[in-house]
Each structure stands twice: as C-alpha cells, then as structure tokens.
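Grab a coffee and work through these exercises with the viewer open. Each one gives you a task, then a solution in steps.

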Amino acid sequence: MDSEERLALEQLAQELREAHPHPALSTGFLEELSLRVQSKWSFRSAMKRNPVIRVAAGLLMISLVAAPVSAFVILLHKPKSAPQPLGFAPVEELPQEMLSTSAQPSAPTQVIGPEDEFDLPGSWSQARLNALERANRLAQAGASWRQQPSGVATHIEDGLWKRFLEACAQGDNQVDVAWLESTLNELRALAQPSPAQQTALVAWNWVASGQQGTAALAPLAWDGAPFVVESR
Amino acid sequence: MSSGPEDHLTRFAAGDPAAFETLVAEMGPRLKGFFLRQGANLHLAEDLVQNVFMRILRHTPRYQASGRLDAFCLRVARNLWIDNRRKAGRVFPSEDAAERADPSPGPDFYAGQSDRAEKLRQALAELDSGTRELLELAVLQQLPYKEVAMMLEIPVGTVKSRVYYCLRKLRVRLEALQEDFS
C-alpha cells in the first residue's frame, strides 16, 4: 500500500469516526443503574457478598440523591433511639491541646448499616470506609448549616473557614484527602492562628477524623455546629 | 483509556468509589453507540449498556488490568450482544440492513452533519456484519489492533489487512452511493 493510499484510507477512517459521534446516555441512566444494583442485590446481601458492590450502590445513591445525611441514613437502616458508635478508629489522632479534657464527643451518625450486618472480609480497605465517613460528616455539617437561621454571625474573611462554609452550603460530599491532610498540617503549624483559622482547623479536622473540638477552639462556629461539643 | 494504575476499574476495586462513575461516563456513550450500530433500538441499547456495567460490577473483585479497560468493556458488550441475539433466535447480527432497527440515537442527533457523513453511515450500515464489526472495533472504537485480534481471535496481521480491505470496501460503497445521488 503506497503512502497516498494509506493517507486516503486514514482520512476515510477519520471521517467515519466523525460521522458516528458517541450518543449520550439518557438523563436517568445512572439513577436507573443504581436502582438495578440495589434491586438485584439487596443492600444487605451486597455488603455480605461483595464489599465493592456496597461502595458502588452506596455512593451512587449519595451522589444521585440530593438528600441530607439523615434521610440517607434512614434509607439505609432504621435509626435506633441512641446513636450507634461506628466502631472505626479515626484516621488521625488529634493533638491533645486541640481537645477539651471534658469533651464527650457524640457518636457520628452511622452511615453504613447496623454493626451486626457489617460483615466485611478482613482485607477490606479502611480507606474506603474512611472516605464514606468523611463524606457523611461533611454532608452532616451541610445539613446543620442549612438549618441555621439567616444572619448567623460568621466571619468568613479566612479562606479555609470560608471554604468550609461554602462546602456546607453547596452540599459538597467529596473531600480531597491529600488536600485535606496538607491543609490540616499547615494549620497545625501556625504559631498564632486567627479565630477563623482555629475554627477551620476544628471543622476540617472533624471531617477528617470525627473528633470534635469545643467552642473555645472554634470561636466562629455556628450554634449547634456538629464539629463542636458545646454550643455557644 | 489505559490499563494499570490509571485504570478506572483498578482504582474502583482498590477503593476509589468515584472511579466507577467516571467509567460509566466515559464508556457509557461508547457502548451505547456500539449497540445501536449492531442493530439495537434506543431502549435496548441503553438496557444492554446497563447490563454491561452490571456484569463489570459483578466481576470487579476478579478484575486484573492486563490490557485496555475500554477493550475489556467492549469485550463484555460484544459477548452480551451475541447472547442477546441467540436469545432472539439469531446467532449472528442481522445481515439485512432493512431488518435492523434504526441505529439513529434520535432525529436531531446528526443535525449539522454533512450529506457525506450521512452517506458514510448508510454505507457502513449496508456492509456485511463481519466488515461492520471490524470497522466498529478498530476504527470507530479505536481499539489497538492487538486488542481487536484477541477479541476476534485472529492474528494481528490479519486485523491490519482486513481493516485495510474493509475501508476500501467502504469507500467503494460510499462512491456508489454518491453516484446514485449525483
């Protein structure tokens, strides 16, 4: 085959591709797929059978259903009268000076089924579970923020505290782990953090690890914020 | 779409939940186009795409990235299509262009495209199933010849020569269509 013929056929191939653009999926495609995953394997049997299915079904639902975390938890299991501890070790240990000695952190709302259904193989990646917990806590903060009356005083001159409030307001449910860890390390290294920086550290640290701070450590937190144990 | 560390399915199996959605977003339209051009109507095409992802989910724990992920998805799709045709009582895709459902994704999907593009689609649709399949995999889906060879169980050299031959066939058919309308 000479080069001219090769070029002509390559051009024809390109024209053929341009004449067949990939058709878009229908608007409800992902939602329908998640429903099929849910129905083919019930959430309980999916968790028992295949941990990967648990993540797929659970996170497809999180990303598709614009519901507060409490509604999502209700969807997954019946809430009990008292919050159940998740039983996971936190991602990081908070420096002691960031925690009040009298703090009694309340157990975060459980995201994935009751413990007796938590039948995972030993090789399950803690990272996947931590990612779910972080997303859950951020969504919980968002739900709490949106319930606040308008005019709650929040000084948002600092980028990181402002970023937290924006994430709450927008309903973000994803946290970039590398960015979060880098940000927390920067905040901890500050000799004299501003009130906004202190609050940002407490808030983002709670998202990362579930460990709550106090109002003294988060002077700009709104009343009833989930990341402090005492309201102002 | 590559295999190895950047492979969406590998990342998903390792614990990155968003990787599966990315896979759906990237491969879904390609798979839908594949099924439409094989002869499925819009509803069946989307249904089959869903089935592809269901099968992929089921096999994720055993997945090992040893080639391209898009080739893996298309292999699943191709097998699914063959199963579908068997159940419909036809072992091979219909050879009769008129018998196949209109592969168009919708009345306005090709709006703005040239007359030549329309003739190209017609020319492709009128080719035999073997030629269409090869052009689908090697040209439209842009799979490496090595992947196409594995899928069709023929040597790589044979893929290369057949692609050349099929494109020439397509060109002949296209020229005939353009003469008919001139």
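Before starting, one rule: two residues are in contact if their C-beta atoms, placed from the backbone, lie within 7 Å. Keep in mind, too, that this is a predicted model.

**Exercise 1.** Find which residues B:Cys73 touches, leaving out those up to four places away in sequence.

*Solution.* Start at B:Cys73 and skip its sequence neighbours up to four places away. What's left is B:Met27, B:Leu31, B:Val52 and B:Ile56. Now zoom out to the largest nonpolar core, which has 52 residues. B:Cys73 is among the members that touch the most others, along with A:Ala56, B:Leu31, B:Phe35, B:Val52, B:Leu135 and B:Ala138. Next, look for the element that gives the most to this core: that's helix 2 of chain B (residues 18–38), with eight residues. There is also a second, separate core of 28 residues, including A:Val207 and A:Ala218.

**Exercise 2.** Work out how helix 2 of chain B and helix 3 of chain B pack: what is the angle, and how far apart are the axes?

*Solution.* First, the general recipe: a packed pair of helices is described by an angle between the axes and a distance between them. Here the angle is about 130° and the axes are 9 Å apart, with helix 3 of chain B spanning residues 42–59. Angles over 145 degrees would count as roughly antiparallel and 65 to 115 as roughly perpendicular, so this pair is classed as oblique. As for handedness, the crossing of the two helices is right-handed.

Then list who meets whom. Helix 2 of chain B brings B:Val24, B:Gly28, B:Leu31, B:Lys32, B:Phe35 and B:Leu36. Facing them in helix 3 of chain B are B:Ala45, B:Glu46, B:Leu48, B:Val49, B:Val52 and B:Phe53. Sorted by class, this contact has nine nonpolar, one polar and two charged residues.

**Exercise 3.** Describe the side of chain A that touches chain B: how many residues take part, and which elements give two or more?

*Solution.* Count both sides: 33 residues of chain A are in contact with 33 residues of chain B. On the chain A side, the elements giving two or more residues are helix 1 (3–18), helix 2 (29–40), helix 4 (51–64) and helix 6 (126–146). By class, that side splits into 20 nonpolar, six polar and seven charged residues.

**Exercise 4.** Sum up the make-up of chain A: how many helices and how many strands does it have?

*Solution.* Chain A has nine helices and zero strands. Next, burial: 33% of its 232 residues count as buried. Finally, take the chain A contacts with a separation of 6 or more; residues 24 or more positions apart account for 64% of them.

Key:
Residues are numbered from 1 along each chain as its sequence is written. Chains are lettered from A and ligands numbered from 1 in the order in which they are written. This is a predicted model: local features need pLDDT of at least 70, side-chain atom pairs count only at pLDDT 80 or more; totals for chains, interfaces and linings use all residues. A nonpolar core is a set of buried Ala, Val, Leu, Ile, Met, Phe, Trp, Tyr and Cys residues joined through C-beta atoms within 7 Å. A residue is buried if 20 or more other C-beta atoms lie within 10 Å of its own, exposed if 12 or fewer, and partly exposed in between; C-beta atoms are placed from the backbone. Helices (H or I, at least four residues) and strands (E, at least two) are DSSP runs, numbered from the N terminus. Axes are lines fitted to C-alpha atoms, for helices over the stretch in contact, and angles run from 0 to 180 degrees between N-to-C directions. Angles under 35 degrees count as roughly parallel, over 145 as roughly antiparallel, 65 to 115 as roughly perpendicular and the rest as oblique. A crossing is left-handed if the near helix is turned anticlockwise from the far one by less than a right angle, and right-handed if clockwise. Ala, Val, Leu, Ile, Met, Phe, Trp, Tyr, Cys and Pro count as nonpolar, Asp, Glu, Lys and Arg as charged, and the others, Gly among them, as polar.
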